[in-house]
Amino acid sequence: MPSLLEYIPFLIEGSLWTLSLVALGLSLGLSLGLPIALMKFYGVKLDAYIWFMRGTPLVVLLSLLYWGVFPSFGVELGPFETSVIALGLRSSAYQSQIFLSALNSVDSGQIIAARSIGMRESQVVTYVLLPQALRISLPSWSNEYAIMLKDSSICFALGVMEILTRARYISVATDSALLPYLLAGVLFFSLTHAGTGALEIVYRRVKIKGTLGG
Amino acid sequence: MMLRVEGLRKRYSDIEVLRGVDLELREGETKVIMGPSGAGKSTLLKCINLLVRPDSGKIFIDGEEITSKNSDVYKVRQKIGFVFQEFNLFNHLTVMGNVTIGLTKVKGMSKSDALLKAKEVLRAVRIGEELWDRYPAQLSGGQKQRVAIARALAMDPILMLYDEPTSALDPQLSMEVLSVMRELSKKGMTSLVVTHELNFAIEAANSMAVMYEGRIVEEGSPEEVIKNPKTAEARAIFNGRSNYVLV
């Protein structure tokens with residue numbers, strides 16, 4: 001029986017898959033969530049989409065897309081791609097809420113002031129709303145990173161070679177459960193806090209001077 | 001006429017805020033508008049730079065009808081400076097950033113030209129170099145309002161609108177702002193000022209209008225209107241207060 005030690009690189013390699021899932025999932029969530037937030041801010045109703053994504057367990061969404069939606073449209077996507085899409089879609093709903101509340105917290109007087117100097121609405125968004133809303137949203141957004149990182153382990157259900165899937169392989173191969181899963185837990189823990197710590201540093205750097213806590 | 005307002009009306013659901021306002025402002029004139037809260041003063045100003053669309057009536061700026069369908073809202077707003085009660089500075093930008101953003105992004109000016117212009121207007125409102133890199137949260141209320149005036153002036157407006165510019169400031173800080181406004185008026189900046197400051201009206205304004213329930217009920221020279229109001233509405237506003245005017 002091979003020793004657990006030999007499997008450590010195999011497990012750590014899984015964190016690259018986990019991080020890829022999260023990086024791509026967050027990016028997709030951002031590229032959908034931010035426009036959704038802006039549309040909602042300007043009065044477009046998108047509640048049904050958000051209700052669906054917030055009310056459906058990730059594992060259901062994964063199964064629905066992988067075995068249901070994609071095959072019935074003849075789309076061939078692997079477990080990794082499907083996972084990125086599911087994580088991204090769900091995150092877009094949460095991120096849109098994060099960005100919407102940040103947009104709402106920018107004092108509306110500034111929007112009127114921006115219009116008063118002749119800015120078009122697209123310029124108001126680009127130069128006044130977003131620079132502030134994105135800064136304000138960073139702490140909540142870092143929360144979204146932490147949540148997605150841990151939820152990415154659910155992609156285990158499709159056999160994506162991320163940390164949990166590998167921990168299970170090791171567990172079977174070495175006939176031990178405690179250490180592989182403990183190591184997996186430690187990896188998730190470290191990645192979560194490394195990421196949120198890095199975002200915290202970014203937040204401190206970009207924070208608007210003189211504002212609360214600054 | 002720099003500004004002519006004809007029969008302006010505006011209704012918000014069940015309240016008619018403006019009930020036919022007529023107003024004229026000559027080039028270089030400073031007119032003060034006074035009236036109780038809810039009289040429609042603020043809505044009138046916001047209609048003049050099209051932040052609020054009037055329901056009916058016409059507004060002419062320098063002879064051009066801005067309420068006509070084919071007038072360019074964005075061009076109109078560039079020509080009219082607006083100063084708000086709550087300053088409304090852009091919190092994420094420095095003093096310099098607040099003043100230059102309209103120049104670079106709206107007017108398409110080069111960064112260096114915008115800096116030159118910004119320095120000129122910041123000096124005009126007596127915001128010293130040591131404050132140029134500060135953020136709004138690091139300024140006093142009086143400094144914020146003067147930066148807001150500079151932001152408006154930088155666009156080279158032909159008309160300035162002030163919406164209770166000192167109502168959020170204590171008397172000391174109000175003085176700083178009012179003296180800057182007075183200087184601008186003396187230099188010939190056409191200005192329409194909604195304020196409760198009687199001294200400013202008497203010292204800096206050429207004319208005064210009293211608004212009440214969506215209409216202008218009295219007009220005249222500030223001294224005449226404050227000391228000998230003809231209408232009951234104006235008397236209610238100035239009764240007793242004219243004694244405090246320092247002239």
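**Entry 1. Lys31 of chain B**

I take a polar contact to be a pair of N or O atoms within 3.5 Å, where, within protein, one atom must be able to donate a hydrogen and the other to accept it. With that rule I looked up B:Lys31 in this predicted model. Its side chain makes a polar contact with the side chain of B:Ser207, at 3.2 Å. I placed B:Lys31 in strand E3 of chain B, residues 30-34. Is B:Lys31 buried or exposed? I noted a relative accessible area of 3% for B:Lys31, and because the limit for buried is under 20%, B:Lys31 counts as buried.

I then listed what B:Lys31 touches, leaving aside neighbours within four places in sequence. The partners include B:Leu23, B:Glu24 and B:Leu25, then B:Ser191, B:Leu192 and B:Val193. B:Ser207, B:Met208, B:Ala209 and B:Glu219 are also in contact with B:Lys31.

**Entry 2. Salt bridges in chain B**

I followed B:Lys31 into a network of salt bridges, in which it is linked with B:Arg26, B:Glu29 and B:Glu219. Within this group I looked up the pair B:Glu29 and B:Arg26, whose side chains meet in a salt bridge at 3.8 Å, N to O. How buried or exposed are the two partners? I found B:Glu29 to be buried at 6% relative accessibility, whereas B:Arg26 is partly exposed at 45%.

I also recorded a salt bridge between the side chains of B:Arg4 and B:Glu6, with an N to O distance of 3.0 Å. I noted B:Arg4 as partly exposed, at 29% relative accessibility. B:Glu6 is likewise partly exposed, with a relative accessible area of 31%.

**Entry 3. Salt bridges overall, and one in chain A**

I obtained a count of 20 salt bridges over all chains. In chain A, I examined the one formed by the side chains of A:Asp151 and A:Arg90, at 2.4 Å, N to O. What does this pair tie together? I located A:Asp151 in helix H6 and A:Arg90 in helix H4 (residues 79-105) of chain A, so the salt bridge ties together parts that are 61 residues apart in sequence. I found both A:Asp151 and A:Arg90 to be buried.

**Entry 4. Trp132 of chain B**

I looked up B:Trp132 and found it in the loop between helix H4 (111-124) and helix H5 (141-154) of chain B. At 7% relative accessibility, B:Trp132 counts as buried.

Which backbone oxygens does its side chain reach? I recorded the backbone oxygen of B:Ile127 at 3.0 Å and that of B:Gly128 at 3.3 Å. Leaving aside neighbours within four places in sequence, I listed contacts of B:Trp132 with B:Thr94, B:Val95 and B:Met96. Its further contacts on that list are B:Lys119, B:Leu122, B:Arg123 and B:Ile127. I also took the C-alpha to C-alpha distance from B:Trp132 to B:Gly97, which is 8.5 Å for two residues 35 apart in sequence.

**Entry 5. A sheet in chain B**

I traced an open sheet of four strands in chain B, in the order E2-E1-E4-E5 and with antiparallel pairing. Which strands lie at the edges? I noted strand E2 (15-25) and strand E5 (64-65) of chain B, each of which pairs on one side only. I counted two bridges between strand E4 (residues 56-61) and E5 of chain B, and these strands run antiparallel. For B:Phe60, I found the bridge partner in E5 of chain B to be B:Glu65. In general, strands of a sheet pair through backbone hydrogen bonds.

**Entry 6. The contact between chains A and B**

I turned last to the interface. The contact takes 22 residues from chain A and 23 residues from chain B. I recorded about 2,000 Å² buried between the two chains, 66% of it on carbon and sulfur atoms. How many salt bridges cross between chain A and chain B? I counted zero. I did count five residue pairs in polar contact between the chains, with both residues at pLDDT 80 or more.

On the side of chain A that touches chain B, the elements giving two or more residues are helix H5 (108-116) and helix H6 (121-151) of chain A. I found that H5 of chain A gives the most, with seven residues. I divided the residues on this side of chain A into nine nonpolar, eight polar and five charged.

Terms used:
Residues are numbered from 1 along each chain as its sequence is written. Chains are lettered from A and ligands numbered from 1 in the order in which they are written. This is a predicted model: local features need pLDDT of at least 70, side-chain atom pairs count only at pLDDT 80 or more; totals for chains, interfaces and linings use all residues. Side-chain values use heavy atoms; hydrogens and water are left out. Contact means heavy atoms within 4.5 Å. Buried area is the accessible area (1.4 Å probe) that two parts lose on being put together, summed over both. A salt bridge is a side-chain nitrogen of Lys or Arg within 4 Å of a carboxyl oxygen of Asp or Glu. Ala, Val, Leu, Ile, Met, Phe, Trp, Tyr, Cys and Pro count as nonpolar, Asp, Glu, Lys and Arg as charged, and the others, Gly among them, as polar. Buried means under 20% relative accessible area, exposed over 50%, partly exposed in between (1.4 Å probe, protein chains only). Two strands pair if DSSP finds at least two bridges between them.
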